[in-house]
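Trainee: I'm new to this one. Could you walk me through it, feature by feature?
Mentor: Sure, let's open it up and take it step by step.

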Amino acid sequence: APAISVRGLTKTYRSRSGEPVTAVRGVDLEIHAGEVFALLGPNGAGKSTTIEILTGFRTRSEGQVQVLGTDPQRPTRAWRSRLGLVPQETGDPGVATVREAIAHIGAIFPRSRDVDEVIAAVGLQEKARSPVRKLSGGQQRRVEVALAIIGRPELLFLDEPTTGFDPAARRQFWDLIRSLREDGTTIVLTTHYLDEAAALSDRAAVIARGRLVETAPIDEIGPAR
Ligand code: ADP
Ligand code: ADP
């Protein structure tokens, strides 16, 4: 079975003023184990909504969804422990240092990666003893990636992971994603950067105004339209 299977996924929000906003319309998608899949599209296209539904943080309006054999609307702890997520909006970093924050999450999972290996993988060795809240935005994003991978997830979701990164940090992040793929991690990332999708993914889908307009091997996806 595919790692992720989506049929006819639709999400309609009710805006504060009361009108419905259909963020995702009739999306069909199959993502296979071991693949890096990019969901490519402009702001407001429906990428975050899709990720939130696949990870069980948001209800859907219509359609069928299976993620690692489970409906995300009926999550179990065992299922959740197989997923990693870097959400688009990140929470209050609190007072913990980088090392403390990562070790704290690592302690929850039975097969966690080594804390120092993860810190090195995201390039934060020099910041291990700094409070997370004192780091730059790009560095805090790398902490979020570390928190998402410490538990050795089979399936990793990354929502706009490199927004705010400088070019060197972006390249270093790309190397990390490639090494996670080598480890067998299935990865779904959203991005509005075509070059990022091209550098990392096996296949990509372009989403625009909630509809999937193209799903193809990455070298067949044209420039963003
Ligand atoms: P993307 O991640 O591609 O930027 P989103 O999934 O965040 O797109 O948003 C898709 C559409 O849904 C946008 O029109 C956005 O304003 C709307 N939207 C997102 N979240 C909500 C919400 N909680 N309530 C109402 N509308 C929302
Ligand atoms: P769920 O999908 O988990 O059932 P919703 O996201 O539909 O819950 O409900 C959250 C409510 O918060 C929305 O109905 C909307 O009124 C409000 N809201 C949250 N984020 C946004 C946003 N970006 N734009 C407009 N309204 C929002």
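**Reading the model together**

Mentor: Let's start in a loop: Ile 108 has its place between helix 3 (98-106) and helix 4 (115-121). Keep in mind that this is a predicted model.

Trainee: Is Ile 108 buried or exposed?

Mentor: For that we look at relative accessible area, where over 50% counts as exposed. Ile 108 has 56%, so it is exposed. You can also place it by a neighbour in sequence terms: Ser 81 is 27 residues apart from Ile 108 along the chain, and their C-alpha atoms are separated by 9.2 Å.

Trainee: And what about a residue with the opposite reading?

Mentor: Try Glu 196, which is found in helix 7 (residues 194-200). Buried means under 20%, and Glu 196 has a relative accessible area of 1%, so it is buried.

Trainee: Which side chain does the side chain of Glu 196 make a polar contact with?

Mentor: That of Thr 162, at 2.6 Å.

Trainee: Can I read burial for a whole helix, too? Why is helix 1 described as largely enclosed by the rest of the structure?

Mentor: You go through the helix residue by residue. Helix 1 covers residues 47-54, and seven of its eight residues are buried, so the helix is largely enclosed. The buried ones are Lys 47, Ser 48, Thr 49, Thr 50, Ile 51, Ile 53 and Leu 54. Look just after helix 1 as well: Gly 56 takes a positive phi there, about 85°.

Trainee: Some of those names must come up again. Which residues surround ligand 1?

Mentor: Lys 47, Ser 48 and Thr 49 are among them, and so are Tyr 13, Ala 23, Pro 42, Asn 43, Gly 44, Ala 45, Gly 46 and Arg 58. Next, check the polar atoms. A backbone N or O atom of Gly 44 is 2.7 Å from an oxygen atom of ligand 1. For Ser 48, a polar backbone atom is 2.7 Å from a ligand 1 oxygen, and for Ala 45 the distance from a polar backbone atom to a ligand 1 oxygen is 3.1 Å. On its own, ligand 1 exposes 560 Å², and the protein buries 66% of that.

Trainee: What surrounds ligand 2?

Mentor: Lys 11, Tyr 13, Arg 14, Arg 16, Arg 58 and Thr 59. By class, that makes one nonpolar, one polar and four charged residues. Lys 11 has a polar side-chain atom 2.5 Å from an oxygen of ligand 2. Thr 59 also uses its side chain, with an N or O atom 2.7 Å from a ligand 2 oxygen. With Arg 14 it is a polar backbone atom, 3.0 Å from an oxygen of ligand 2. Alone, ligand 2 has 570 Å² of accessible area, and the protein covers 45% of it.

Trainee: How do I describe aromatic rings, and how many aromatic pairs are there in the whole structure?

Mentor: You give the distance of the centres and the angle of the planes. A search of the whole structure finds one pair. The ring centres of Phe 165 and Phe 173 are 6.0 Å apart and the planes are at 85°, so this pair is edge-to-face. Phe 165 and Phe 173 are both buried.

Trainee: Where do charged ends sit over a ring?

Mentor: Find Arg 80: its charged end is over the ring of Phe 57, 4.8 Å from the ring centre. Then find Arg 170, whose charged end sits over the ring of Tyr 193, 4.2 Å from the centre.

Definitions and conventions
Residues are numbered from 1 along each chain as its sequence is written. Chains are lettered from A and ligands numbered from 1 in the order in which they are written. This is a predicted model: local features need pLDDT of at least 70, side-chain atom pairs count only at pLDDT 80 or more; totals for chains, interfaces and linings use all residues. Side-chain values use heavy atoms; hydrogens and water are left out. A residue is near a molecule or strand if one of its heavy atoms lies within 4 Å of it. A polar contact is a pair of N or O atoms within 3.5 Å; within protein, one must be able to donate a hydrogen and the other to accept it, and residues adjacent in sequence count only if both atoms are side-chain atoms. Accessible areas come from the Shrake-Rupley method with a 1.4 Å probe; for residues, only the protein chains shown count as cover. Ala, Val, Leu, Ile, Met, Phe, Trp, Tyr, Cys and Pro count as nonpolar, Asp, Glu, Lys and Arg as charged, and the others, Gly among them, as polar. Rings of Phe, Tyr and Trp (its six-membered ring) pair if their centres lie within 6.5 Å; planes under 30 degrees apart count as stacked, over 60 as edge-to-face and the rest as tilted. Buried means under 20% relative accessible area, exposed over 50%, partly exposed in between (1.4 Å probe, protein chains only). A charge sits over a ring if NZ of Lys or CZ of Arg is within 6 Å of the ring centre and within 35 degrees of the ring normal. Helices (H or I, at least four residues) and strands (E, at least two) are DSSP runs, numbered from the N terminus.
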